[in-house]
Amino acid sequence: MKWAVSWLGLGDGSTSAFRAPERRQVATDRGREDLDQEAQRKRASARKLWHDTPAGIAGTPVEAYLAGRGIVLRELGRAPGALRFNPSLWCAEVQRPLPAMIAAICGSSGKLVAVHRTWLSEMPGGGWVKADLQNAKKVLGSFAGGCVRLWRGASGKALGVAPEGDMTVIAEGIETALSVAVACPEFQVLSAVSLSNMAAVALPDTLKDIIIAADNDSGNEKARRALEAALKKFASQGRTVRLAMPEIVHGDWNDVLRGKDTDGKPERPV
């Protein structure tokens, strides 16, 4: 009350009247510290999960799940090292562990900053699909500016040392990015994990040619703005940016790989 009276110009302006704002600042600083500690805890948990999960997906449900989506990684000669299979990963939605595909999300330095999780389910007749959950895909950790480095392209060089001339494709989802890698193995392929993060993905200066492999979110104004922001951001960095969008309404490049038309049915041969 003393502070309010002084702020209104009705008091004598004594120093003691201004303690309230100082206390609020202390509370704000503590809140920021709590957020930083929570972010660090999640990053540590993501790294532990990654390192505790065996490397390689050959012969695992992850390979079967991707093959069911038309992504036959054996055609590439090797599987991306950014993917692993965890047979028993806790799912808070159902309060029990489920099999899951996990993907490493790395920052600009190449260090793991977060982990993407896709819970899987085995079908009665065989084969694996995305689990029937409200949120079958989740990220553990903050990943702003990071991406999943799925394919190194013709040069075979890691993203941080990619040579000039490497064509780089950035897609939103992991399955979409892998579909591009299968179709165009000569390109370096990255998954931005989310459309809102695409503009923030950090790329080395050597990569001058960028293709945005966008989903066809026709009529989605929010998606359109996020896509435009990504195109403008990379162009402002002096890169040549191209947009590749499938004709399938509400479809993506995985739909194209699987030969679906606008009704979700296989395309008829021409």
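The following exercises, each with a worked solution, concern the predicted model shown above.

Residues are numbered from 1 along each chain as its sequence is written, and side-chain values use heavy atoms, with hydrogens and water left out. Because the model is predicted, local features need pLDDT of at least 70 and side-chain atom pairs count only at pLDDT 80 or more, while totals for chains, interfaces and linings use all residues.

**Exercise 1. State how many helices and strands the chain contains, and what percentage of its residues count as buried.**

Step 1. Helices (H or I, at least four residues) and strands (E, at least two) are taken as DSSP runs, numbered from the N terminus. The chain has seven helices and ten strands.

Step 2. Buried means under 20% relative accessible area, exposed over 50%, and partly exposed in between (1.4 Å probe, protein chains only). Of the 270 residues, 42% count as buried.

Step 3. Contact means heavy atoms within 4.5 Å. Among contacts with a separation of 6 or more, 60% are between residues 24 or more positions apart.

**Exercise 2. Identify the elements that supply at least two residues each to the largest nonpolar core.**

Step 1. A nonpolar core is a set of buried Ala, Val, Leu, Ile, Met, Phe, Trp, Tyr and Cys residues joined through side-chain atoms within 4.5 Å. The largest one has 35 residues, and Leu 66 and Leu 83 have the most contacts inside it.

Step 2. The contributing helices are H3 (61–68) and H4 (174–183), and the contributing strands are E1 (83–91), E2 (96–106), E3 (112–122), E6 (148–151), E7 (167–171) and E9 (209–213). H4 provides the largest share of this core, six residues.

Step 3. Another core, of 20 residues, lies apart from it and includes Leu 203, Ile 212, Ala 226 and Leu 227.

Step 4. Beyond its neighbours within four places in sequence, Leu 83 is in contact with residues including Trp 50, Leu 66, Met 101, Leu 150, Ile 174 and Leu 178.

**Exercise 3. Explain why H4 is described as largely enclosed, and determine what covers the buried residues of H3.**

Step 1. Nine of the ten residues of H4 are buried, so this helix is largely enclosed by the rest of the structure. Among the buried residues are Ile 174, Glu 175, Leu 178 and Val 182.

Step 2. In H3, the buried residues are Pro 61, Val 62, Glu 63, Tyr 65 and Leu 66. Their cover includes E1, E2, E3, strand E4 (128–130) and H4.

Step 3. After H3 comes Gly 70, with a positive phi near 85 degrees.

**Exercise 4. Determine which side chain of opposite charge is nearest to Asp 166, and which side chain makes a polar contact with Asp 166.**

Step 1. Asp 166 lies in the loop between E6 and E7.

Step 2. Lys and Arg count as positive and Asp and Glu as negative, whereas His and the chain ends are not counted. A salt bridge is a side-chain nitrogen of Lys or Arg within 4 Å of a carboxyl oxygen of Asp or Glu. Asp 166 is buried but has no salt bridge, and the nearest side chain of opposite charge, Arg 152, is 9.2 Å away.

Step 3. A polar contact is a pair of N or O atoms within 3.5 Å; within protein, one must be able to donate a hydrogen and the other to accept it, and residues adjacent in sequence count only if both atoms are side-chain atoms. The side chains of Asp 166 and Ser 155 are joined by such a contact of 2.8 Å.
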